[in-house]
Amino acid sequence: MDLLAVLFRLLHIVPGALWVGAGALLVFVLDPLVPRMGQKDAHTFTRHLYLRSIFGRYFPILGGIATLAGFLLYGVISAHKAYTFDSLAGIVFHLGVVAGLLAAIWGGAREGRLSKQLARLSAEQEAKPTAANDAAMAATLQKLAGASRIGFALLLVAVSAMSSARYLY
């Protein structure tokens, strides 16, 4: 059972760390940078980012692996009754679990939908540029930046709570 716990922990923590790191890059670097590029350059950059790189698939892959491994790990550690609701450690840990699940759901539902919309708009803009498409891309980028901040905040709560819970016994 300990070997499973180690395996699930690695499959939870490593993709989770990459997910949080990519979220930080998006929120603190890309989201502020893209609007300052000017509309043409911003749209060109966005097209390359979403259509010609792994970026659009990166978040769902890492988020999915981290969440699935988290479920499996939760089953392993629940069998040992490591984090129960009758302790501060258990309450903080479960706060992290809820925040992590909300981040995965938010990422898939809101950010994922906006990312797909942005990829579609980018492809349309590349094929046939229009002013209406420019405006739609700008609006979608703005919505995605706001959604990304919420997702990143949930990830920070999840990481902070899950990583500190063990020290609260």
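With a relative accessibility of just 1%, Thr46 counts as buried, since the cut-off for that label is under 20%. This is a predicted model, and Thr46 is a handy place to start looking around in it. The residue sits in helix 2, a stretch of 13 residues running from 39 to 51. From first C-alpha to last, helix 2 reaches 18 Å, close to the 18 Å expected at 1.5 Å a residue. Thr46 has buried company in helix 2: Ala42, His43, Arg47, Leu49 and Tyr50 are buried there too.

What does Thr46 touch, leaving aside residues up to four places away in sequence? The list is Val34, Leu51, Leu118, Ser122, Met137 and Leu141. Of these, Val34 falls within the span of helix 1, residues 2–36, while Leu118 and Ser122 fall within helix 4, residues 88–127. Closer along the chain, a polar atom of the Thr46 side chain lies 2.7 Å from the backbone oxygen of Ala42. In an α-helix there are 3.6 residues a turn, so residues three or four places apart point the same way.

A second threonine makes a nice companion to the first. Thr67 has its place in helix 3, which covers residues 55–79. Is Thr67 buried or exposed? Its relative accessibility is 18%, so Thr67 counts as buried, the limit being under 20%. The side chain of Thr67 reaches a backbone oxygen as well, that of Gly63, at 2.7 Å. Setting aside residues up to four places away in sequence, Thr67 touches Trp19, Leu101 and Ala104. Trp19 belongs to the stretch covered by helix 1 (2–36), and Leu101 and Ala104 to the stretch covered by helix 4 (88–127).

Turning to charged pairs, how many salt bridges are there? The count comes to two. One of them joins Glu126 and Arg52, whose closest N and O atoms are 2.3 Å apart. Glu126 lies in helix 4 and Arg52 in the loop between helix 2 and helix 3, so this pair ties together parts that are 74 residues apart in sequence. Both partners are partly exposed: Glu126 has a relative accessibility of 40%, and Arg52 has a relative accessible area of 47%.

The other salt bridge brings together the side chains of Arg120 and Glu124, at 3.0 Å from N to O. Here both residues lie in helix 4, four residues apart, or about one turn of the helix. Arg120 is partly exposed at a relative accessible area of 43%, and Glu124 is partly exposed at 36%.

The surface also has a nonpolar side to show. Which residues form the nonpolar patch? They are Leu4, Leu7, Leu11, Ile61 and Ile65, and together they have about 400 Å² of accessible area. Helix 1 and helix 3 are the elements that give two or more residues to this patch. Helix 1 gives the most, with three residues. One member of the patch, Leu11, lies in helix 1 and counts as partly exposed because its relative accessibility is 39%. Helix 3, then, turns up twice in this account, as the place of the buried Thr67 and as a contributor to the nonpolar patch.

Technical notes: Residues are numbered from 1 along each chain as its sequence is written. This is a predicted model: local features need pLDDT of at least 70, side-chain atom pairs count only at pLDDT 80 or more; totals for chains, interfaces and linings use all residues. Side-chain values use heavy atoms; hydrogens and water are left out. The expected span of a helix is 1.5 Å times one less than its number of residues. Buried means under 20% relative accessible area, exposed over 50%, partly exposed in between (1.4 Å probe, protein chains only). Patches are made of residues with over 30% relative accessible area and no salt bridge: like charges are joined within 9 Å, nonpolar side chains (Val, Leu, Ile, Met, Phe, Trp, Tyr) within 5 Å. Accessible areas come from the Shrake-Rupley method with a 1.4 Å probe; for residues, only the protein chains shown count as cover. A salt bridge is a side-chain nitrogen of Lys or Arg within 4 Å of a carboxyl oxygen of Asp or Glu. A polar contact is a pair of N or O atoms within 3.5 Å; within protein, one must be able to donate a hydrogen and the other to accept it, and residues adjacent in sequence count only if both atoms are side-chain atoms. Contact means heavy atoms within 4.5 Å.
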